[in-house]
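Please take me through this model in a viewer, one selection at a time. Say what to pick at each stop and what is found there.

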Amino acid sequence: MIQEVPSVSELGPSIYGDTLFDDTILPGYVAFIRNLVVARRQTQESFQETLYRAAETSRDLYTQQEILFSEDISQRLQTMGDDYLANPIALGRKTGEKNEPTGLVALTLKYSGPNGEVISDRQELLFWNDQTGERDGYGTALSTAVKTPEAIDVFSARHLRTLAQKLYTQLVELKQQRSSELAQPETLENVTLTSERLNKIQQRISTLEALPDGVDRQAVKDMLKKLNTWKGMKSVQKLLRDYTDGAKAQLDTPTFVLDLVKDTDEKNLILSDGIKPASLSISLSAMLLRA
């Protein structure tokens with residue numbers, strides 16, 4: 001006996017009626033499914049790899065070690081809250097590691113012209129420590145600050161004054177060195193380069209006994225000055241990284257110089273000497289003294 005299939009109307013509203021598919025429920029249900037799909041996709045991704053990829057894109061001059069310390073600092077700041085204000089002068093304890101820095105400082109350098117006018121585009125933030133100086137200053141500052149325990153012990157005032165006086169003497173020598181560079185005639189050897197990557201490039205170029213055919217000393221000097229002036233641009237940062245850590249760094253030195261001059265010229269950077277600095281002032285922006 002063949003039974004007749006019931007019609008939709010005979011099944012009633014429990015399946016096809018307003019109970020499940022009315023206008024007030026359906027949009028929320030669809031949104032819930034979509035959110036579930038997004039959450040499912042996110043759990044399948046590697047959050048650490050995504051973070052590294054984003055950090056590499058936005059911080060072209062950071063090393064992987066600096067990125068890790070930056071992440072740790074970000075987590076600490078989130079824990080401290082939005083209203084936390086860092087103390088610009090802090091005292092911490094040493095950890096007992098070999099050749100660990102005693103003093104970490106952030107210095108603001110301001111250059112002035114012959115008439116005392118401040119050269120705004122020559123202001124520089126310098127990270128320095130008493131062990132490596134300016135070399136890897138930012139990375140060392142992050143590493144040492146994160147690992148420094150709180151100074152919960154009682155220190156001798158004489159001991160702290162001795163440490164502070166030694167640090168002050170070294171900073172005075174740093175200022176004298178920077179000031180003496182202003183009086184020197186500008187040559188290829190003493191073009192002021194503040195970027196560590198630029199320093200590495202300049203050191204490699206200085207190993208050449210003679211420049212390759214097709215480029216002269218003036219072209220190389222202008223190239224270094226352009227890169228130093230515009231090192232804040234993302235495209236210039238990428239160029240510097242490619243010639244220090246990337247594929248271009250593997251070239252033989254003559255080809256390295258030729259390609260670097262060519263790639264720099266293609267960026268159409270403006271060579272602007274502006275006002276020649278005649279004096280220098282240094283102010284202490286932050287300091288960590290480790291006793």
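Begin by selecting aspartate 245 and arginine 197, whose side chains form a salt bridge with the closest N and O atoms 2.5 Å apart. The model on screen is a predicted one. Aspartate 245 sits in the loop between α11 and α12, while arginine 197 belongs to helix α9, so this salt bridge ties together parts that are 48 residues apart in sequence. Is arginine 197 buried or exposed? Arginine 197 has a relative accessible area of 9%, and because buried means under 20%, arginine 197 counts as buried.

**Helix α9**

Extend the selection from arginine 197 to the whole of α9, residues 196-206. The buried residues here are Arg197, Leu198, Ile201, Gln202 and Ile205. Viewed down the axis of α9, these buried residues fall within an arc of 135°, so they line one face of the helix. Turn to the face directed away from that buried side, and the exposed residues Gln203 and Ser206 are found there. To see what the buried residues of α9 pack against, show α10 (217-229), α11 (234-244) and α12 (253-266).

**Helix α11**

Keep those helices on display and colour α11. Which residues of α11 are buried? They are Val236, Gln237, Leu239, Leu240, Tyr243 and Thr244. Around the axis they cover an arc of only 160°, which puts them on the same side of α11. The cover over the buried residues of α11 includes α9, α10 and α12.

**Aromatic pairs**

Next, show the aromatic rings. How many aromatic pairs are there? The count comes to two. A pair of aromatic rings is described by the distance of the centres and the angle of the planes.

Select phenylalanine 127 and tyrosine 138, which form an edge-to-face pair at 5.1 Å centre to centre, with 65° between the planes. Phenylalanine 127 is in strand β3 (residues 124-129) and tyrosine 138 is in helix α7, so to speak of a link between distant parts of the chain is to speak of positions eleven residues apart. Phenylalanine 127 counts as partly exposed at 25% relative accessibility. Tyrosine 138 is likewise partly exposed, its relative accessible area being 29%.

Move to tyrosine 243 and phenylalanine 256, an edge-to-face pair with 5.3 Å from centre to centre and 75° between the planes. Tyrosine 243 is in helix α11 and phenylalanine 256 in helix α12, so the pair ties together parts that are 13 residues apart in sequence. Tyrosine 243 is buried, at a relative accessible area of 2%. Phenylalanine 256 is also buried, at 1%.

Stay on phenylalanine 256 and add arginine 204. Arginine 204 lies over the face of the phenylalanine 256 ring, at 4.1 Å from the ring centre.

**Threonine 140**

Go back to helix α7, residues 137-147, and select threonine 140. Threonine 140 is buried, with a relative accessible area of 15%. What is threonine 140 in contact with, leaving aside its neighbours within four places in sequence? The contacts are Pro101, Asn129, Thr132 and Arg135.

**More salt bridges**

The structure holds nine salt bridges, among them the one between aspartate 245 and arginine 197 shown at the start.

For another, remain on α7 and pick lysine 147, whose side chain meets that of glutamate 97 in a salt bridge (3.5 Å, N to O). This pair links distant parts of the chain: glutamate 97 is in the loop between β1 (89-92) and β2 (103-112), lysine 147 is in helix α7, and they are 50 residues apart. Glutamate 97 counts as partly exposed at 43% relative accessibility. Lysine 147 counts as partly exposed too, at 39%.

Then return to α12 and select lysine 262 and glutamate 266, a salt bridge whose closest N and O atoms are 2.8 Å apart. Lysine 262 and glutamate 266 are four residues apart in helix α12, which means that about one helical turn separates them. Lysine 262 is partly exposed, with a relative accessible area of 46%, whereas glutamate 266 counts as exposed at 51%.

For the last stop, select Glu124, Glu134 and Arg178 together. These residues are linked in a network of salt bridges.

How values were computed
Residues numbered from 1 in each chain as written. Predicted model: local features only at pLDDT ≥ 70, side-chain atom pairs only at ≥ 80, totals over all residues. Heavy atoms only, no water. Buried < 20%, exposed > 50% of the residue type's maximum accessible area, 1.4 Å probe, protein only. Helix = DSSP H or I, 4+ residues; strand = E, 2+ residues; numbered from the N terminus. Arc of directions from axis to C-beta. Contact = heavy atoms within 4.5 Å. Phe/Tyr/Trp six-rings, centres within 6.5 Å; stacked < 30°, edge-to-face > 60°. Lys NZ or Arg CZ within 6 Å of the ring centre and 35° of its normal. Salt bridge = Lys/Arg side-chain N within 4 Å of Asp/Glu carboxyl O.
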